[in-house]
Protein chains: 2
Amino acid sequence: MGYTVSKVAERTGLTISTLRYYDKEGLLPFVDRTAGGARNFKESDFEWLAVITCLKQTGMPIKRIKQFIDWCLEGDATLERRLNVFVEHKKEVNAQIAALKEYMKKIDYKIWYYETAISAGTEAVHNGEKCKLLDKDAEENDL
Amino acid sequence: MGYTVSKVAERTGLTISTLRYYDKEGLLPFVDRTAGGARNFKESDFEWLAVITCLKQTGMPIKRIKQFIDWCLEGDATLERRLNVFVEHKKEVNAQIAALKEYMKKIDYKIWYYETAISAGTEAVHNGEKCKLLDKDAEENDL
DNA sequence: CCTTGACCTATAGTTAACTTTATCTTGTAT
DNA sequence: ATACAAGATAAAGTTAACTATAGGTCAAGG
């Protein structure tokens with residue numbers, strides 16, 4: 001009973017190779033093994049995987065995730081450090097969101113730029129004086 | 001009369017190697033050269049670099065950026081395709097922002113989890129019946 | 001018993017995006 | 001003239017995060 005690596009892959013969307021790779025990197029020390037040596041995931045392991053996936057998808061490198069997992073195994077002595085992982089990471093993710101929103105302004109400008117050019121039939125429409133003004137506005141959004 | 005590669009690096013925050021690498025990959029076909037063969041960036045090139053940086057920082061691979069640059073060189077015949085690049089990319093960036101916001105819920109939960117544990121002096125505070133309920137709520141945010 | 005499919009480990013290979021290194025050329029200051 | 005800083009190219013090296021391959025083990029079905 002429990003889940004084989006392929007069942008976990010199916011349910012999480014991670015590949016079998018990725019799960020084994022994470023295990024090798026020390027991210028899954030909590031996963032049990034059968035007598036024969038096969039990984040035997042339990043229900044609660046999915047919560048660990050969800051946390052790992054959250055951190056990875058928000059840009060935390062695997063080495064830092066491993067550090068966090070290691071601290072988890074050390075128990076209550078590392079609670080402050082573990083809190084700090086998330087407090088710091090939250091700042092980083094907020095910065096990512098802010099940066100993406102800022103870049104989105106440039107993308108929206110480009111959409112407007114090409115829609116206007118297509119309407120006019122040529123990109124040359126953006127060479128006049130009026131458009132230099134518009135370009136100026138856009139440049140203020142440069143990153 | 002123009003900017004050297006090191007001046008451009010200084011102003012944009014990109015490294016000299018990165019600029020040369022982008023050039024080699026075909027991202028900077030618009031950059032002039034001096035008689036001696038040195039790159040000679042002009043003011044308008046910074047706008048190109050800003051677009052390239054925007055696309056790269058929002059996750060577009062260099063090969064796709066090159067495709068876009070190539071279309072730019074082809075003139076008005078590719079206006080629709082270029083618009084499409086930004087329309088599609090906008091969707092991707094919106095998806096990224098949405099995903100990050102979703103993951104943020106889990107990060108916030110973890111901050112709450114560790115703050116509560118630290119207040120209690122032990123992580124064991126999250127083992128009771130009441131906390132299983134709270135865990136359930138959190139699991140609904142799993143990704 | 002034996003085949004078959006899923007599992008295992010270890011190791012090698014891949015890809016993207018740079019970065020470093022080696023070697024050469026150019027342009028300005030003494 | 002000459003030194004030397006800054007520019008150039010080509011090619012090799014790096015890093016992260018997988019992905020694929022080779023070779024072996026185990027457990028259930030025929």
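## How the two chains meet

About 3900 Å² of area is buried between chain B and chain A, and carbon and sulfur atoms account for 73% of it. Keep in mind as you look around that this is a predicted model. Each side of the contact is easy to state: 41 residues come from chain A and 41 residues from chain B.

Polar and charged links run across this interface too. Between chain B and chain A there are six salt bridges. One to look up in the viewer joins B:Glu47 to A:Lys106, where the closest N and O atoms are 3.2 Å apart. Polar contact between chain B and chain A is found for 12 residue pairs, with both residues at pLDDT 80 or more.

## What chain B brings to the interface

Now let us turn to the side of chain B that touches chain A. Three helices of chain B each supply at least two residues to this side: helix H3 (45-57), helix H4 (62-74) and helix H5 (79-120). Which of them gives the largest share? That is H5(B), with 25 residues.

The make-up of this side is mixed. Its residues divide into 20 nonpolar, 13 charged and eight polar.

## The surroundings of DNA strand C

Next comes the DNA. Strand C is surrounded by 18 residues, and both chains are represented among the closest: A:Ser6, A:Arg20 and A:Arg39 from chain A, with B:Thr18 and B:Tyr22 from chain B. If you colour the DNA atoms by type, you can follow where the protein comes up to the strand: of the strand C atoms within 4 Å of the protein, 78% belong to sugar or phosphate, and the rest belong to bases.

Sorted by residue class, the surface near DNA strand C holds seven polar, six nonpolar and five charged residues.

## Phosphate contacts and the helices behind them

Some individual contacts are worth a closer view. In chain A, the side chain of A:Ser6 has an N or O atom 2.6 Å from a phosphate oxygen of DNA strand C. The side chain of A:Thr4 also places an N or O atom 3.1 Å from a phosphate oxygen of this strand. From chain B, a polar backbone atom of B:Gly36 is 3.4 Å from a phosphate oxygen of strand C.

Which elements give two or more residues to the surface near DNA strand C? They are helix H1 (5-12) and helix H2 (16-24) of chain A, together with helix H2 (16-24) of chain B. The most comes from H2(B), which gives four residues to this surface.

Note on methods. Residues numbered from 1 in each chain as written. Chains lettered and ligands numbered in written order. Predicted model: local features only at pLDDT ≥ 70, side-chain atom pairs only at ≥ 80, totals over all residues. Heavy atoms only, no water. Near = heavy atom within 4 Å. Polar contact = N/O pair within 3.5 Å; in protein donor to acceptor, adjacent residues only side chain to side chain. Nonpolar A, V, L, I, M, F, W, Y, C, P; charged D, E, K, R; others polar. Contact = heavy atoms within 4.5 Å. Buried area = accessible area lost by both parts, 1.4 Å probe. Salt bridge = Lys/Arg side-chain N within 4 Å of Asp/Glu carboxyl O.
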